[in-house]
Amino acid sequence: MPSPGGDTFPKLLLDMAKRRGDAVAIREKEYGIWQSWTWGEVAQEIRALACGLAVLGLKRGDKIAIIGDNRPRLYWTMTAAQVLGAVPVPLYQDSAAKELTFVAEHAELRFVMAEDQEQVDKMLSIRETYPKLEQIVYDDPRGLRHYTQDFVHAFDKVQKLGRDHDSAHPGFYDQAVAQGKGGDPAIILYTSGTTGQPKGVVLSFDNLVKTAANGIAFDGLNQDDEVLAYLPMAWVGDHLFSYGQSYVAGFCVSCPESSDTVLLDLRELGPTYFFAPPRIFENILTTVTIRMEDAGWVKRSMFKYFMAVAKRCGTQILDGKPVPLGDRLLYGLGNVLIYGPLRNTLGFSRIRLAYTAGEAIGPDIFDFYRSIGVNLKQLYGSTEASVYITMQPDGEIMPDTVGRPAPGVEIKVAEDGEVMFRGPGVFVEYYKNPEATAAAKTVDGWVHTGDAGFMDDNGHLKIIDRAKDVGRLNDGGMFAPKYIENKLKFFADIKEAVAYGHERDYCAAFINIDLEAVGSWAERNNVAYASYQELAANPDVLTTIKSHVEAVNRDLSQDPRLSSSQIKRFLVLHKELDPDDGELTRTRKVRRAFVADKYDTLVEALYAGGDRVYIETEMTFEDGRKGVLKANLQVIEAETFAPGGALKMAS
């Protein structure tokens, strides 16, 4: 049901300013200092900005792009635009101008709020071919002093225009806020485009406000919680958790100093509510592993001993389940010596609730965090659902399920195994794409997820993989690539993996090493290397990766459904998969079909029987230049195991 404060975010803001005007609403770290704004101050900042944008010509139905890192002024722009009936369109800040041009033209953008000079320059280049981009406003003035275009405006200048307009028309702002309705479009969020051009998902205020309120009630969030906003503003998760739920519950949102300082700011801030895609949790675990490898033997031994205790009983203690007294005492000692200091180092000491979403997380990674006392939960959702499809209730948290249907959400599994849902968060439409809307959403509100899954005996949903990616080996065994890839990525040395096997005799894989983790190993062992390519081809590195693959194979052999999917052959790629090369989306999901097509020579080599394959690959450097990378890669045979774990084949 709608929040008592209103059915749109501008109305909720007025309510918060009235009820909790002196409470801190948002923080930003700048030059090493946290600066704060209360709900009353935020309301005044947004009032001035909305009136200023109106003076520049922003009106109901217009689209305004928002691009940059998480900044208070960029979040305020969302609300200011919504006051006027305009629709914000957040963009991925690391996208190249060429990628943004499609969205600019498709969304018919007229206005842009850009964080800094880099983003302004992108928009100016887009404007050369898309002249409908009429006004550009920027937050950070550094480097922009000599930009003389009359359509490029400083944020402060726009607010000055707004304050003058507000003084001359004192009823304008409140009337504009009152005009908004719950059914109005609140935002357009573009999908990551794993299978083609991104689609603009239109979400209404009703979608977001009701979903935010349901999530708050489900997990007991309140005005005293704190969250760190660091994920892309174009991602629906950030929009709901850092924006929507903040306006409904009234909790404080903090913006880090930069993307490079997120982990430091996380530790300093100590939020109570944290969300991240699996990759972030994987990266944090990699950092922990590297630190422990660099520690002395006493600390390493203590860590390994107490982590074994945590693995044995930590999750049961967190869930309030009975545990033998001896284990409970050992865990308590481990909490003093290992788990507590580790949580503090990571910035997790105050966390009451942590969520991971976006794609499946490896069960081993999930259990690691819960075993050290972090209340990590999985949720299953999508942009089209305004995030929540399923949620994990307290006391019913399992690594291999994604929970029960979220409040107000219905779930059914179609005959072909595809998961479908309907509920209060179901999107309005794909912008200017009625065919795609009709294909995704039935007339009675059921939405196709594209994921294959089933409900277990406890009423929890299990997701196997993307429906289109689940396949069969030639022997009839199930092939679920994402599940296999997640098990590989548990190891700190492996950053990315791509599995193959559908309609093949066996499963094979590409692997990316983690440069930070493997580089740390090289430094400790005085192994010289000049590039990622050279380190990835190091014989000792290949031996280590082989041992990880074989450990995954042993685990897979224990699962009757997936024992056929053990990895028989693999290779370590000569370059990192990169969004700039089209291999990953901007949310760092593998574009599986693109990778298979680009590296078809390598895919075939995995099944051809040879032990070497030569390849030349075009790649994009950080400055935008193109180059060709040549490599002669080793194809490695891995040991596989009979069902139950007995050795089946040696290389």
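**Exercise 1. Determine how many bridges join strand S19 to strand S21, and then place both strands in their sheet.**

Solution. Strand S19 (residues 418–422) and strand S21 (residues 447–455) run antiparallel and are joined by three bridges, where two strands count as paired if DSSP finds at least two bridges between them. The strands, like the helices, are DSSP runs numbered from the N terminus, with at least two residues (E) for a strand and at least four (H or I) for a helix. One contact to look up is Phe-421, whose bridge partner in S21 is Val-447.

The model is a predicted one, in which local features need pLDDT of at least 70 and side-chain atom pairs count only at pLDDT 80 or more, while totals for chains, interfaces and linings use all residues. Residues are numbered from 1 along each chain as its sequence is written, and side-chain values use heavy atoms, with hydrogens and water left out.

The next step is the whole sheet, which is open, has four strands in the order S18-S19-S21-S22, and shows antiparallel pairing. Strand S18 (410–413) and strand S22 (461–466) each have a single partner strand and stand at the edges, so one side of each is left without a neighbour in the sheet. On average, and with direction ignored, neighbouring strands of this sheet are turned by 50 degrees against each other; the axes are lines fitted to C-alpha atoms, for helices over the stretch in contact, and angles run from 0 to 180 degrees between N-to-C directions.

**Exercise 2. Describe what connects S21 and S22.**

Solution. The pairing of S21 and S22 is antiparallel and extends over five bridges, and within it Gly-453 has Ile-463 in S22 as its bridge partner. The two strands form a hairpin with five residues between them, and in the turn Gly-459 has a positive phi of about 80 degrees.

**Exercise 3. Work out which strands form the edges of the sheet S8-S9-S20, and which helix packs on this sheet.**

Solution. This open sheet consists of three strands in the order S8-S9-S20 with antiparallel pairing, and its edge strands are S8 (185–190) and S20 (429–430), each of which pairs on one side only. Helix H8 (residues 205–219) packs on the sheet and touches S8 and S9 (contact meaning heavy atoms within 4.5 Å), and the direction of H8 makes about 65 degrees with that of S9. Strand S9 (residues 200–204) is joined to S20 by two bridges, the strands running antiparallel, and Val-202 stands opposite Glu-429 in S20.
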